[in-house]
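Visitor: I have a few questions about how the labels on this model are earned. Could you take me through them?

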Amino acid sequence: MSSYVTRKTPGDTTWFRHDRFGMFIHFGLYSMPARHEWIKSFEEIPEEKYDLYFRHFDPDLYDPREWARQAKAAGMKYAVMTTKHHEGFCLFDSQYTDYKSTNTPAGRDLIREYVDAFRAEGIRIGFYYSLIDWHHPDFPIDHLHPRRSDPDAFEQSKGRDMHRYAEYMRNQVRELLTNYGKIDVLWFDYSYDAQPGFPEWMRGKGKDDWEADKLIALARSLQPGIVIDNRTQIEQDVWTPEQYQMQNWPRHKETDELVTWEACQTFSGSWGYYRDEMTWKSPKMLVQMLVNTVSLGGNLLMNVGPTSRGCLDRRAEAALQAYADWMKYNSRSIYGCTMAEPELLALCPNGCKFTQSEDGKRLYIHLFEYPFQFLELNGFAGKVEYMQFLHDGSELLFEEKTLSHFSEGRTQRDDLLAVKLPVVQPDVLVPVIEVFLK
Ligand code: GLC
């Protein structure tokens with residue numbers, strides 16, 4: 001068994017740590033301007049102008065069954081979709097606001113369809129819920145708010161009542177966790193500090209403002225085992241490093257325990273659909289990000305930002321296909337796998353990443369840089385029963401202690417294990433060697 005023990009948390013993370021790979025979905029009115037989901041704040045768009053999106057929101061090709069099929073093919077086991085993003089627009093039929101998809105030309109509860117579609121594919125359901133709300137009249141104006149530079153911002157902010165807003169959030173979270181059956185993940189976003197140079201009344205917001213203790217208690221009373229992130233500022237089940245590839249398994253600051261964590265990443269530089277953003281990651285990078293994350297005991301939540309028509313952009317489909325092609329043959333090195341045991345990890349050769357099955361019996365060597373003909377594994381002599389390429393189950397021969405080749409005659413090392421590889425890399429983005437340990 002794996003010797004890594006993660007910090008105990010209130011929710012049930014057993015399935016979560018096994019499944020490793022999820023789909024993040026950012027969809028909202030911002031999908032229409034297609035210039036980043038923060039567009040209302042970035043461009044300080046006035047309400048009348050932003051209302052245009054509300055009045056014209058019509059995702060006529062919205063078919064989450066199509067997304068769910070692609071998520072499943074990509075090997076994603078859970079999904080987290082925005083029910084409301086910072087713009088405040090709700091994709092579900094909340095009785096506490098009119099600012100919702102049912103009142104747009106879309107005319108439907110889009111979350112209901114998402115839930116049904118993903119559940120039908122056997123994918124677990126998560127809800128992203130923004131703590132920030134740039135539409136709600138009680139949400140205090142702060143340095144991130146689209147109205148921050150209005151000359152009368154202070155006047156506008158008078159009478160805004162954070163308690164009322166916190167109650168609104170509880171009401172909505174109650175709806176979300178009552179009306180859609182079992183929900184596996186609740187992803188709150190996010191808390192932030194004051195910004196220097198802004199007046200005190202524009203200070204940041206955190207757990208006290210959200211009344212996060214009540215919000216979380218409510219969520220737990222409705223769905224006890226649900227997995228909740230840490231962005232209310234009250235630590236729960238999962239740490240959520242964003243657009244950042246970890247280099248170590250993160251540890252709890254006070255107790256030094258390993259934490260359950262999930263990296264969230266985008267295919268290109270934005271979460272919402274961004275037509276002109278061109279920094280799309282290469283297929284190889286995408287696979288490497290997944291492997292890298294699991295090699296450090298984490299999960300990867302990979303984002304898609306559907307277009308305002310409601311379908312996935314061709315570039316996103318191609319990216320998902322890259323995962324599908326790789327996962328079809330290599331998912332055994334991902335599901336139920338974690339960081340390799342310290343004594344093996346210490347032996348990881350350059351250009352490789354290890355994962356290891358939870359039961360400790362199999363080691364997976366991911367060849368990020370394909371070596372020429374031999375992979376020298378120092379320290380491995382006597383440890384291996386059998387080896388194969390994972391993608392085609394073909395045997396990989398190995399020699400121990402001595403490696404005969406023509407260049408220098410012989411390479412000798414008592415603990416050496418040399419794997420013989422085909423000269424040309426098999427047609428797999430990241431080839432994996434499956435090692436059955438003795
Ligand atoms: C953020 C952003 C946001 C995105 C998210 C995903 O902090 O504000 O737009 O939804 O994190 O992790």
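Visitor: Which residues line the second largest cavity?

Guide: Happy to help, and please keep in mind that this is a predicted model. The lining consists of Arg7, Thr9, Glu235, Gln236, Asp237, Trp239, Leu258, Val259 and Thr260. By class, that gives three nonpolar, three polar and three charged residues.

Visitor: What makes this space a cavity?

Guide: A cavity is a set of points where a 1.4 Å probe fits but cannot get out. The count comes to two cavities of 30 Å³ or more, and the second largest has a volume of about 30 Å³.

Visitor: What is the volume of the largest cavity, and which residues are closest to its centre?

Guide: Its volume is about 110 Å³. Of the 14 residues lining the largest cavity, Ser268, Ser270, Gly272, Trp280 and Gly305 are the closest to its centre. The whole lining has seven nonpolar, six polar and one charged residues; Gly counts as polar here.

Visitor: Now to helix α3: which of its residues are called buried?

Guide: In α3, residues 47-56, they are Tyr50, Tyr53 and Phe54. The label means that each has under 20% relative accessible area.

Visitor: How do you know that the buried residues line one face of α3?

Guide: Seen down the axis of α3, they fall within an arc of 100°, so they line one face of the helix. In general, an α-helix has 3.6 residues a turn, so residues three or four places apart point the same way.

Visitor: What do the two sides of α3 meet or carry?

Guide: The buried residues of α3 pack against α2 (39-42), while the face turned away from the buried side carries the exposed residues Glu48 and Arg55.

Definitions and conventions. Residues numbered from 1 in each chain as written. Predicted model: local features only at pLDDT ≥ 70, side-chain atom pairs only at ≥ 80, totals over all residues. Heavy atoms only, no water. Buried < 20%, exposed > 50% of the residue type's maximum accessible area, 1.4 Å probe, protein only. Helix = DSSP H or I, 4+ residues; strand = E, 2+ residues; numbered from the N terminus. Arc of directions from axis to C-beta. Contact = heavy atoms within 4.5 Å. 1 Å grid on protein atoms, 1.4 Å probe; cavity = no way out; pocket = protein on both sides within 12 Å on 5 of 7 lines; lining within 4 Å. Points joined across faces, edges and corners; volume = space filled by probe spheres on them.
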